[in-house]
Every structure is written in structure tokens, then in C-alpha cells.
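Here are my notes on the model you sent round. Have a look at it first, then read on.

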Amino acid sequence: MRLYWCSECNIPVNTKTCPLCHNKCSYFAMDARPVFPEEIILLEILLHRKGELQGRSVWNTKGNRYFVDGEHLEFSVQKTIEEWDADLAHQLYVKETSSNRVENDAFQSMISKFILANKKRLNKLEYNSFELIKKVSEDEKFKNRIKMISFSGGKDSTVVSSLVRRALGQTDILHVFGNTTLEFEETYKYLNLFRKRNPLVPFIISKSDRDFYKLCEAIGPPSRVMRWCCTVFKTGPIGEEIDNFSGGKKILTFYGIRRSESKQRSNYDEVSESPKIAKQIVVSPIIEWADLDIWLYLLTYNELFNKAYRLGFSRVGCAVCPNNSDWAFFLNRVHFPEQSSKWRNFLIDFSRSIGKIDAEEYVDSGNWKARQGGNGMEVSQTKIKFEPCATEDNARNFWLTKPITKDLYEYFKPFGSLDFERGIALLEEVYVWGRKDEKKVKPLIKLQGKIGQNHLKIIVDPKMLKTSYPGKSYLLFEEWIDCQLRKYQSCIECGGCPAICKMKAITLINDEYRIDSRKCIGCMECIAHFDRGCLVTKVTQTRRDS
Ligand code: SF4
Ligand code: SF4
Ligand SMILES: [Zn+2]
């Protein structure tokens with residue numbers, strides 16, 4: 001999209017000639033969002049320009065550049081973060097907004113003009129989205145699916161929710177909200193308000209029972225390259241919840257994904273299969289929309305939206321997300337000092353514990369987000385120690401860091417069925433029958449290890465391996481076994497495995513890792529999904545290990 005600036009009406013328009021005053025407009029930006037009066041107050045404080053920006057037409061474009069009445073505003077986000085004490089900014093903001101009325105009238109009249117001038121564009125976008133929603137809903141292939149809106153509390157899913165309900169003329173479309181427990185305070189407030197205003201909209205809220213801070217203590221905070229939290233706190237619990245209510249029925253999800261959000265998303269299709277959640281077809285009715293369009297819609301229809309946007313947040317996800325910008329981190333400190341200081345203090349303590357000398361600087365500058373692995377952390381249970389057996393082919397002797405208990409055998413269930421009866425009793429031998437060996441001719445794996453001891457001998461039958469896993473190499477199978485042993489040694493019940501098992505065969509009840517053999521189909525996803533078999537191992541491995 002190309003946006004132009006009408007200097008007469010003082011607004012961005014998407015045509016070279018202003019539809020309102022017919023003035024010739026000049027190029028403005030590829031996309032933009034309105035800056036609300038609340039954010040303008042903060043800008044005035046940070047720039048020491050009290051009273052100078054309120055009531056003017058302020059917009060923010062890509063790269064976090066601000067424009068006032070079409071003119072670029074000298075304001076460096078980076079410099080502000082470096083120079084400003086967020087706590088002081090918080091105090092000044094509270095003082096300013098509690099003693100003075102937030103100027104809203106001028107903003108509203110500017111927005112009314114903006115809506116009118118860009119009406120045509122919205123009509124066209126809306127028409128296309130309606131058509132898509134109706135077409136997919138009526139399609140024979142998807143007709144009998146359960147319709148669902150993935151509702152995050154952000155602006156995009158708010159628009160999708162409204163579009164779908166209007167297009168289908170139905171209020172009772174299921175909304176699913178994945179409560180990561182780490183959302184912005186404003187998101188929870190918005191969610192409650194939305195539900196109050198739309199009492200007929202059915203809501204399902206999924207929530208992980210894992211404790212984010214405890215997991216962070218064990219495996220370190222998530223970083224950009226290791227966002228372990230999404231699996232554990234979002235996709236896992238949502239998938240589980242969908243499984244519970246759908247009773248195996250297929251789902252049609254409406255999702256607020258947009259191409260303009262990132263390069264990666266630019267190849268997304270309007271209708272596709274969910275890469276993360278089984279049995280889901282995902283429809284993206286706003287895939288072509290820009291930021292400006294989203295605001296055009298919300299403001300035109302006077303939709304209720306998350307107040308965090310009025311404060312200057314350009315996206316609202318988890319407050320702790322390493323993908324949030326440094327600016328969002330700063331804004332969070334200014335507007336939600338309690339929530340953000342808990343996280344900031346944790347990050348500072350953690351950084352100290354891994355030997356960062358200037359921990360505060362490391363955290364505030366955002367460098368924590370680039371952490372690569374478990375360097376400096378004491379999670380060393382992940383190494384597997386073994387030797388090939390000198391007297392027996394295809395056998396390896398392991399020395400586990402954790403003595404053998406019954407729990408060990410759970411991890412062998414994906415390979416086949418366990419048999420505690422037929423092996424040599426003296427060796428406490430356990431057989432694993434291959435999945436294709438229904439007559440139980442020869443065990444695929446023999447496990448020889450005594451409860452309470454650390455020595456475990458594993459013998460794999462190469463012939464039976466060929467029968468069970470044609471085309472898979474012996475080496476790969478050994479890898480798989482190592483992955484499972486690693487889990488046995490180091491599983492901290494992060495929730496990663498249950499989250500990725502599409503058959504819902506894995507549970508962590510009372511912190512015990514259990515695989516339900518009746519549900520497990522041996523797809524090996526729980527083994528192959530995470531590098532080295534375990535999310536925690538993957539996250540905590542140091543560069544030296546790998
Ligand atoms: S084995 Fe699975 S549940 Fe346990 S810590 Fe690793 S990924 Fe998490
Ligand atoms: S992911 Fe596959 S192999 Fe693992 S428990 Fe689930 S069904 Fe079994
Ligand atoms: Zn104009």
C-alpha cells in the first residue's frame with residue numbers, strides 16, 4: 001500500500017488526490033497507525049514538550065517513526081530508552097493523566113475525517129473478507145466443521161471476530177483464547193470487557209498448568225532463538241482444549257494473520273492447514289490488510305479494542321516475549337511497573353547467576369533476548385554416557401545419571417509394547433515388542449537394568465528393526481533411544497512433549513511422565529520434534545555441547 005498525506009485535511013489517505021478536499025497529496029508512507037492521545041502525552045513528557053503535541057494529527061509509521069501534522073518528529077526511541085528512567089516516566093505520566101483531562105475531541109474529529117476519506121478502501125477490503133468467510137463456510141469440504149475464532153485479545157483478532165460474526169450473521173461462533181498467564185494486564189481487562197459486551201459469544205479459555213517462572217529458573221528465560229514458551233504455554237494447551245471440546249470433530253479456524261506483519265508471513269495463504277494443531281483448517285480473512293486498515297475498521301465501527309494500543313504498544317502478545325521490541329519493554333515499565341518489574345528483576349537475577357557482570361545493562365539493553373543456549377547454566381544431566389558392549393553385537397552399556405526406576409520404561413512405549421514377563425528375570429530384563437511383530441516372534445529391544453542401579457544394557461535387534469521401521473537406519477534408531485534416555489535423565493515436566501503429541505498420548509500427571517499405549521501410534525514426533533528429543537535439552541545445551 002502507498003499512503004499519501006493531505007495537508008489540507010491533515011490526515012493520511014490512500015489516494016493521490018484527497019477524496020474530501022480534492023487536494024493533491026504527497027507520498028507519506030507504506031503503512032501507518034494513529035497515535036492516540038494517551039501515547040501523545042507520553043511523547044510530550046519524554047520530549048519535554050508539554051502541551052505541544054496534543055490535539056494534533058500524530059501518526060506512527062514503520063521503523064517506529066513519528067509524524068506530527070505530516071512532518072517527521074525528531075524522536076529517537078533508542079536514545080530515549082538509554083537516557084530515560086522508566087520509573088520517572090511512569091510517575092510523570094500518572095501525574096499528568098490524573099491532573100489533566102486527556103485531550104480527545106480534536107483526535108476524534110481528525111479520525112472522523114480519516115474514516116470518511118478512506119471509506120472506499122475499507123468497503124473493498126471488507127467486501128473481499130466477507131466473500132472469503134462466506135465461501136469457505138459454505139464449502140462442502142468444510143461445511144460440517146466446528147467454526148472457531150482464535151482470539152488473542154489483539155487488534156487483528158478483534159477485527160476477525162467482528163468480520164466473521166457480521167459476515168455469517170451469527171453471534172454464537174466459538175472464540176478460543178489461549179491464556180499464557182503472561183499477557184499484558186490490559187489484555188485481561190479487554191477480554192473481560194469483550195465478554196461482558198458480547199454475552200452470546202461462547203468462549204473457551206485454555207491455560208497451561210505449568211509455572212512460567214519455575215520453568216525459567218530451571219532452563220533459563222526464553223530468548224529469540226529459543227522460544228520454548230510458545231509450545232508449553234500456547235499451542236500445547238490450545239490444542240488440548242480444542243481436542244476436548246471437538247471430540248475428534250474437525251475445525252475451521254478464523255485467524256488474524258496478515259502478510260504485512262513479517263517476511264515469513266508474506267507467503268501465507270488465505271486458506272491453509274494448521275502447521276501446529278492437528279485437524280485444523282485455518283482461514284485468514286485479513287491476510288491482505290495493512291495496519292492502517294485494521295485501525296480504519298476498528299475506528300469506523302467504533303469497536304472495543306485492547307487499551308494497550310492507546311498507550312503506544314504496536315502489538316500485544318506476552319509481556320515477557322523476547323520478540324517484543326526494546327521500546328515495548330520500556331513502555332511496559334512505564335505503564336505496568338508491577339508486572340514488568342517482576343520480570344525485569346527475574347532477568348537481572350538470572351543474568352547475574354550466569355556471570356553477566358553488568359546484569360542491569362544486559363537486561364535493559366535487550367541483550368538477554370539474544371542468548372543462545374545454556375552457557376553458564378548448571379543443567380548437565382543431558383549427557384548420555386555409554387560404551388558398545390565388548391561381547392555382544394548390537395548392544396550398548398549405558399551409565400545413567402539417574403538410577404533406574406519403573407519410570408524409565410515409559411519412554412520406550414513409542415517403540416512398541418512393553419513386556420515385563422518374558423525376559424530373563426535375574427537380569428530384570430524388559431522386552432519391547434516391535435509394532436509390526438504382532439505374533440511376538442523376537443523382541444525389538446531388550447532392556448537389562450536393575451531397579452535402583454545406574455547401569456543399563458540395551459540390545460536392539462537389527463532384523464526386527466527392519467521389520468518395524470523399514471528404511472530407517474540403525475544409527476537413527478540408536479539416536480532415538482538416546483533421546484528417550486536423555487528425557488528420562490532430565491525431564492523437568494515442562495509440558496513440551498504433551499503439547500506436541502497429536503494423539504494426546506502423553507500426560508504429566510503428578511509430575512510423572514506417562515505414555516498411554518492405547519493412544520500412542522509410534523509416530524516418533526515426541527522424539528524427533530525437539531533437537532535431542534527434549535525441549536529442555538535443546539534449550540540448555542551450550543554451544544560447546546553441540
Ligand atoms: S521430556 Fe518432554 S516434557 Fe520433559 S522436559 Fe523434555 S520436552 Fe519437557
Ligand atoms: S508423539 Fe507419537 S510416538 Fe510420541 S507418544 Fe505421541 S503418538 Fe506416541
Ligand atoms: Zn483533504
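1. Of the contacts in the chain with a separation of 6 or more, 67% are between residues 24 or more positions apart. Contact here requires C-beta atoms, placed from the backbone, within 7 Å. Bear in mind that this is a predicted model: local features need pLDDT of at least 70, side-chain atom pairs count only at pLDDT 80 or more, and totals for chains, interfaces and linings use all residues. Residues are numbered from 1 along each chain as its sequence is written, while chains are lettered from A and ligands numbered from 1 in the order in which they are written.

2. Buried residues are 38% of the 546 in the chain (buried: 20 or more other C-beta atoms within 10 Å of the residue's own, again placed from the backbone).

3. On the overall layout, the C-alpha atoms fill a box of roughly 90 × 60 × 40 Å along the principal axes. There are three entries in the domain split: domain 1 (3-117), domain 2 (119-213 + 229-319) and domain 3 (386-540), with bounds from an automatic or database domain assignment. Domain 1 and domain 3 have C-alpha centres 60 Å apart.

4. Now a helix pair. Helix 6 (residues 155-168) packs against helix 10 (residues 291-300) at about 55°, axes 10 Å apart, which makes the pair oblique (neither under 35, over 145 nor 65 to 115 degrees). Axes are lines fitted to C-alpha atoms over the stretch in contact, with angles from 0 to 180 degrees between N-to-C directions.

5. Who makes that contact? Lys155, Asp156, Thr158 and Val159 come from helix 6, and Ile294, Tyr297 and Leu298 from helix 10.

Conventions
Helix = DSSP H or I, 4+ residues; strand = E, 2+ residues; numbered from the N terminus. Contact = placed C-beta atoms within 7 Å. Buried ≥ 20, exposed ≤ 12 C-beta atoms within 10 Å, placed from the backbone.
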